[in-house]
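The following exchange sets computed values against the definitions that give them their names.

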Amino acid sequence: MVDETHKPADLRPAEWSCREEAAHARHRSRPWHGRRGDGPAGDRQPAEACYAALDLGTNNCRLLVARPTSGGFRVVDAFSRIVRLGEGLIGSGRLGETAMNRAVEALGVCASKLSVRRIAGQRLIATEACRSAANGDAFIARVEAETGLKLEIVDRETEARLAAAGCTPLVDPSSDGALLFDIGGGSTEVVWLDRVETRDGGPPAAIIRAWVSVPLGVVTVAERHGGVLVTRDGFEAMVNEFRPHLDGFVKAVGPHDCGRLHLLGTSGTVTTIAGVHLDLPRYDRSQVDGTWLDAPQVCGVVDRLLAMPFSERVANPCIGAERADLVLAGCAILEAVRRAFPCDRLRVADRGLREGILVELMRADRVWRSGAYR
């Protein structure tokens with residue numbers, strides 16, 4: 001099975017060896033010390049060199065551009081667009097022409113943003129949709145020909161490691177670690193994660209004890225079960241499809257006091273749950289990233305979403321039309337994780353893979369040790 005559980009030696013991150021639509025919006029810039037601040041849209045080329053991270057997933061195309069700061073980094077530009085690259089992939093085995101066109105258009109915006117920056121290092125990756133599609137490699141070649149961007153299709157191990165590197169600052173240091181889950185469009189990674197402080201002045205590094213990648217995400221689950229009208233029985237069917245994929249991982253973690261662990265979620269699903277819980281009039285990352293939810297609060301939001309008509313989900317400012325048919329599939333995956341690991345607390349991360357790329361690039365260049373951010 002492709003979702004077999006892996007032990008920690010497979011995923012020692014590089015640092016251990018010591019080692020969002022925002023296309024035309026302006027953002028306030030602030031340091032990232034375990035929290036990321038969105039930066040300005042960048043119509044002038046700065047004197048300082050920047051680092052760039054791009055993640056083309058099954059559902060989203062996302063870019064971050066940042067400069068190192070003391071102990072972290074400052075985001076100076078950000079872009080995110082839902083492109084649904086994996087739309088229809090589960091049935092055809094191929095990326096569709098319309099979906100590829102959407103993705104190429106979004107990647108063209110990313111290329112334009114990068115062209116006005118002095119980039120000291122970058123990593124541009126594609127994940128599950130391109131990994132599993134028969135025409136994934138051909139699409140990557142088209143992207144380079146039309147945008148100039150050279151995307152790298154990464155394996156599941158790399159995807160899990162980068163998500164861990166990006167989320168490690170949110171692991172409660174007083175706990176026995178966190179069970180990190182990254183619910184993507186086409187796959188979901190679950191990682192038993194701990195943190196260790198580094199000596200280079202940068203963010204804490206990840207200790208990965210075990211991990212699993214499940215070839216199911218919000219797009220694939222919603223396409224199989226439906227996402228517009230979701231009954232209680234339909235929701236349980238989604239949970240029950242996902243849950244067995246975690247059996248090997250549960251055994252790898254072994255008997256553990258879940259009261260000494262906490263869940264750590266990085267995805268549109270958990271940030272949406274947090275936004276709905278907080279009744280935000282519009283999504284606000286500064287209020288969502290790092291927030292804690294207890295088990296009854298999570299259950300309350302999921303029950304609320306299940307009771308919502310589709311039109312109400314569309315109208316909710318933290319869900320919207322682009323996620324309204326996917327959010328309950330994501331909630332079902334979350335519920336499967338919660339049943340496997342009934343932890344009392346869930347911490348929400350509006351960060352992940354891109355931040356992990358930035359940390360690895362900067363750590364490789366020894367920016368914090370050298371004081372290059374000054």
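The questions below concern a helix contact, salt bridges, a covered strand and two backbone angles.

Q: What kind of model is this, and how are its residues numbered?
A: This is a predicted model, in which local features need pLDDT of at least 70 and side-chain atom pairs count only at pLDDT 80 or more, while totals for chains, interfaces and linings use all residues. Residues are numbered from 1 along each chain as its sequence is written, and side-chain values use heavy atoms, with hydrogens and water left out.

Q: Why are helix 6 and helix 13 called roughly perpendicular?
A: Roughly perpendicular is the term for angles of 65 to 115 degrees (under 35 is roughly parallel, over 145 roughly antiparallel, the rest oblique). The axes of helix 6 (residues 218-225) and helix 13 (residues 327-340) cross at roughly 110 degrees and come within 8 Å. The two helices are therefore roughly perpendicular.

Q: What makes up the contact of helix 6 with helix 13?
A: Contact requires heavy atoms within 4.5 Å. V218, V221 and A222 in helix 6 meet A329, G330 and I333 in helix 13. These residues divide into five nonpolar, one polar and no charged, since Gly is counted as polar whereas Ala, Val and Ile are among the nonpolar residues.

Q: What makes the pair of R209 and D194 a salt bridge?
A: The term calls for a side-chain nitrogen of Lys or Arg within 4 Å of a carboxyl oxygen of Asp or Glu. The N to O distance between R209 and D194 is 3.0 Å, so the pair meets the definition. R209 belongs to strand 9 (residues 205-214) and D194 to strand 8 (residues 188-196), so the salt bridge ties together parts 15 residues apart in sequence. By this rule the count comes to 27 salt bridges, and one network of them links E128, R131, R156 and E159.

Q: How do you know whether R209 and D194 are buried or exposed?
A: Buried means under 20% relative accessible area, exposed over 50%, and partly exposed in between (1.4 Å probe, protein chains only). At 14%, D194 counts as buried, whereas R209, at 32%, is partly exposed.

Q: How do R195 and E197 stand against those definitions?
A: Their side chains meet in a salt bridge at 2.6 Å, N to O. R195 has 18% relative accessibility and counts as buried, while E197, at 53%, is exposed.

Q: Why is strand 2 described as mostly covered?
A: Seven of the seven residues of strand 2 (residues 50-56) are buried. On one side these are C50, A52, L54 and L56, and on the other Y51, A53 and D55.

Q: How do you know that strand 2 pairs with strand 5 and strand 3?
A: Pairing requires that DSSP find at least two bridges between two strands. Strand 2 has seven bridges to strand 5 (residues 119-126), running parallel, and six to strand 3 (residues 60-69), running antiparallel. D55 stands opposite I125 in strand 5, and Y51 has A66 as its bridge partner in strand 3.

Q: What is noted about the phi angles of R84 and D279?
A: Neither residue is a glycine, yet phi is positive, about 50 degrees for R84 and about 55 degrees for D279. R84 is found in the loop between strand 4 (72-82) and helix 1 (89-92), and at 18% relative accessibility R84 counts as buried. D279 is placed in the loop between helix 9 and helix 10. D279 also forms a salt bridge with R304, with the closest N and O atoms 2.9 Å apart.

Methods
Axes fitted to C-alpha atoms, helices over the stretch in contact; angles between N-to-C directions. Helix = DSSP H or I, 4+ residues; strand = E, 2+ residues; numbered from the N terminus.
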